[in-house]
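Q: Please take a close look at the largest nonpolar core of this chain: which parts of the chain supply its residues, and what surrounds one of its central members?

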Amino acid sequence: RGFFFAALEREIARSARSGRGFCLLMMDLDELKVVNDRLGHFYGDRVLRAVGEVVTAIVRRIDTAARYGGDEFVVLLPETDPTGAYVVAEKIRLGIQDLELGLTDEAIRPSLSIGVVSYPDDGTTADELMISADGAMYASKRAGKNRVTGVDIPAEPPVVASAP
């Protein structure tokens, strides 16, 4: 986690100097608790390792991927616009959806809810970006899980002409 935040701070500084943005993915493994509760932590660990392998196989060498929490992962995508970040996120999501994990209960299908944010549009500090990414990821969960969601940018309030 410390390694990831150091990379994020470096990317913020680099992007502020260069004027080029980057994107951040926050991912939550939707069914890890079910796997752990029904099948045990051995299988839960197997699922976590498989997620890490899928993420590592898809991201570029210049990207930074890390496990953020118990069942959360993050990926920093330098010099990537939101469209490119959505493509990477969707590849990761589909990679997890298609995993053959050899679980003893085939009815359990782990999936990822992913939030996508971009610098500087969704935040200019590490904290702002992480809060935005967390919100986007939870929007994916609320919308039914196993999906990629970006930050909804609120529309500008309408300009109301004042009476003279």
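A: A residue counts as buried when its relative accessible area is under 20%, and in this predicted model 45% of the 164 residues of the chain are buried by that criterion. In soluble globular proteins, nonpolar side chains tend to be buried together.

The largest nonpolar core here has 31 residues, and those with the most contacts inside it are Leu-25, Met-27, Ile-92, Leu-103 and Ile-114. At least two residues of this core come from each of strands S1 (22-29), S3 (72-78) and S4 (112-119), and likewise from each of helices H2 (32-39), H3 (41-58) and H4 (82-97). Helix H3 provides the largest share, with seven residues.

Leu-25 may serve as the example: once its neighbours within four places in sequence are set aside, Leu-25 is in contact with Phe-73, Val-74, Val-75 and Leu-77, with Ala-85, Val-88, Ala-89 and Ile-92, and with Ile-114, Gly-115 and Val-116. Another core, of 19 residues, lies apart from the largest one, and among its members are Phe-4, Ala-7, Tyr-119 and Leu-129.

As for the chain around these cores, its secondary structure comprises five helices and five strands, which follow one another along the sequence in the pattern α-β-α-α-β-β-α-β-α-β. Of the contacts between residues at least 6 apart in sequence, 70% join residues at least 24 apart. On the outside, the chain exposes about 8900 Å², of which carbon and sulfur atoms supply 54%.

Terms used: Residues numbered from 1 in each chain as written. Predicted model: local features only at pLDDT ≥ 70, side-chain atom pairs only at ≥ 80, totals over all residues. Heavy atoms only, no water. Core = buried A, V, L, I, M, F, W, Y, C linked by side-chain atoms within 4.5 Å. Buried < 20%, exposed > 50% of the residue type's maximum accessible area, 1.4 Å probe, protein only. Helix = DSSP H or I, 4+ residues; strand = E, 2+ residues; numbered from the N terminus. Contact = heavy atoms within 4.5 Å. Areas by Shrake-Rupley, 256 points an atom, 1.4 Å probe, with all protein chains shown as cover.
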